[in-house]
Amino acid sequence: MEAFSGMPSPLAAGAVFRPWHFLSWGLDALVLPTCLLCEQPLPLGRKPVAIRLPEVLCESCRRRWPKNDAARPKIRGIRALHNLWPYQGSVRPAVLAAKEEKGSPLLAAWAETAGDLWPTELGAKAPMLIPVPPSKVRRRRGWHFAAELAEAVARRRKWIYGPKVGVRMRRLREVPAQASLDRKSRKGNLRGCFQLKTGFWRQVPQRVCLVDDVVTTGATLREAARALQESGVKEVQAWVLARVPLRL
Ligand SMILES: [Zn+2]
């Protein structure tokens with residue numbers, strides 16, 4: 001007779017089929033969640049209720065989660081910029097993973113978090129949410145973080161997601177990354193690179209909220225707002241997850 005120690009796998013030869021074995025395997029996966037950033041198992045008993053950031057992270061990643069961003073930088077053409085966190089500490093790798101890795105669980109976590117943390121001051125007369133269009137490289141990857149965020153928030157709050165009703169922004173040309181240019185070439189770099197596209201049956205929305213993942217100098221948002229206003233949009237606001245704190 002073969003000797004073995006420990007629990008036999010439910011699939012082991014000769015094991016009696018017990019459906020709860022499979023159930024307990026499933027439960028293990030549920031009660032032992034891991035940190036979405038460093039994949040360390042979360043302490044027993046700390047099972048997050050919602051997949052919300054930074055609650056789904058381990059202690060050490062949470063410690064490096066920055067405090068909410070209190071600065072509200074002014075951007076020309078934008079009535080209000082709503083920014084949640086500085087692009088620092090654990091926020092940075094969490095944004096990068098969602099942007100770069102297809103199917104990253106962080107994408108779902110951010111979408112959930114964004115839906116919950118959307119500022120209430122936007123809520124009374126909800127604007128149409130439109131993501132800032134991705135560059136060609138990002139488009140080729142097949143998913144776009146800003147669009148996923150905007151869609152998730154719109155779904156959660158029952159607001160209108162522009163692209164779903166045929167209202168979207170598109171890039172008319174590809175431009176070099178702002179960071180690769182000197183101050184002078186940066187100024188004209190983005191000029192005229194965005195356009196609002198609406199289906200011929202659709203009116204231009206009165207109020208729009210641009211959605212993006214990270215704002216740096218605000219040049220992209222400023223240019224997108226200019227394109228919207230040129231098309232007849234009356235009021236533009238913007239919402240971003242994170243802001244790069246710049247010493248200007
Ligand atoms: Zn961690």
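Guide: Welcome! Two strands count as paired if DSSP finds at least two bridges between them, and helices (H or I, at least four residues) and strands (E, at least two) are DSSP runs numbered from the N terminus. This is a predicted model, where local features need pLDDT of at least 70 and side-chain atom pairs 80 or more, while totals for chains, interfaces and linings use all residues. Residues are numbered from 1 along each chain as its sequence is written.

Visitor: How many helices and strands does the protein chain have?
Guide: Read along the sequence, the chain follows the pattern α-α-β-α-α-β-α-α-β-α-β-β-α-β. Its secondary structure comes to eight helices and six strands.

Visitor: What is the order of the strands in the open sheet of four?
Guide: The pairing in this open sheet is parallel. β1 (81-86) and β2 (128-131) stand at the edges with a single partner strand each, so one side of each is left without a neighbour in the sheet. The order is β1-β6-β5-β2.

Visitor: Which residue of β6 stands opposite leucine 81?
Guide: β1 and β6 (residues 235-243) pair in the parallel sense over five bridges. Opposite leucine 81, in β6, stands alanine 238.

Visitor: Which elements do the buried residues of α4 pack against?
Guide: Helix α4 (residues 105-117) has 13 residues and reaches 18 Å from its first C-alpha to its last. Its buried residues (20 or more other C-beta atoms, placed from the backbone, within 10 Å of their own) are Leu106, Ala109, Trp110, Ala111, Thr113 and Ala114. They pack against α3 (91-100), α6 (145-157) and β6.

Visitor: What share of the residues of the protein chain count as buried, out of 248?
Guide: The residues listed for α4 include Leu106 and Trp110 as buried ones. Over the 248 residues of the whole chain, the buried share is 29%.

Visitor: Which helix gives the largest share of the largest nonpolar core?
Guide: Such a core is a set of buried Ala, Val, Leu, Ile, Met, Phe, Trp, Tyr and Cys residues joined through C-beta atoms within 7 Å. Of the 53 residues in this one, Leu149, Ala150, Leu210 and Val211 touch the most other members. The largest share of this core, eight residues, comes from α6.

Visitor: Which residues is valine 211 in contact with, leaving aside its neighbours within four places in sequence?
Guide: Contact here asks for C-beta atoms, placed from the backbone, within 7 Å. With those neighbours left aside, the contacts of valine 211 are Leu129, Ile130, Pro131, Val132, Ala146, Leu149, Ala150 and Trp239.

Terms used:
Expected span 1.5 Å × (residues − 1). Buried ≥ 20, exposed ≤ 12 C-beta atoms within 10 Å, placed from the backbone. Contact = placed C-beta atoms within 7 Å.
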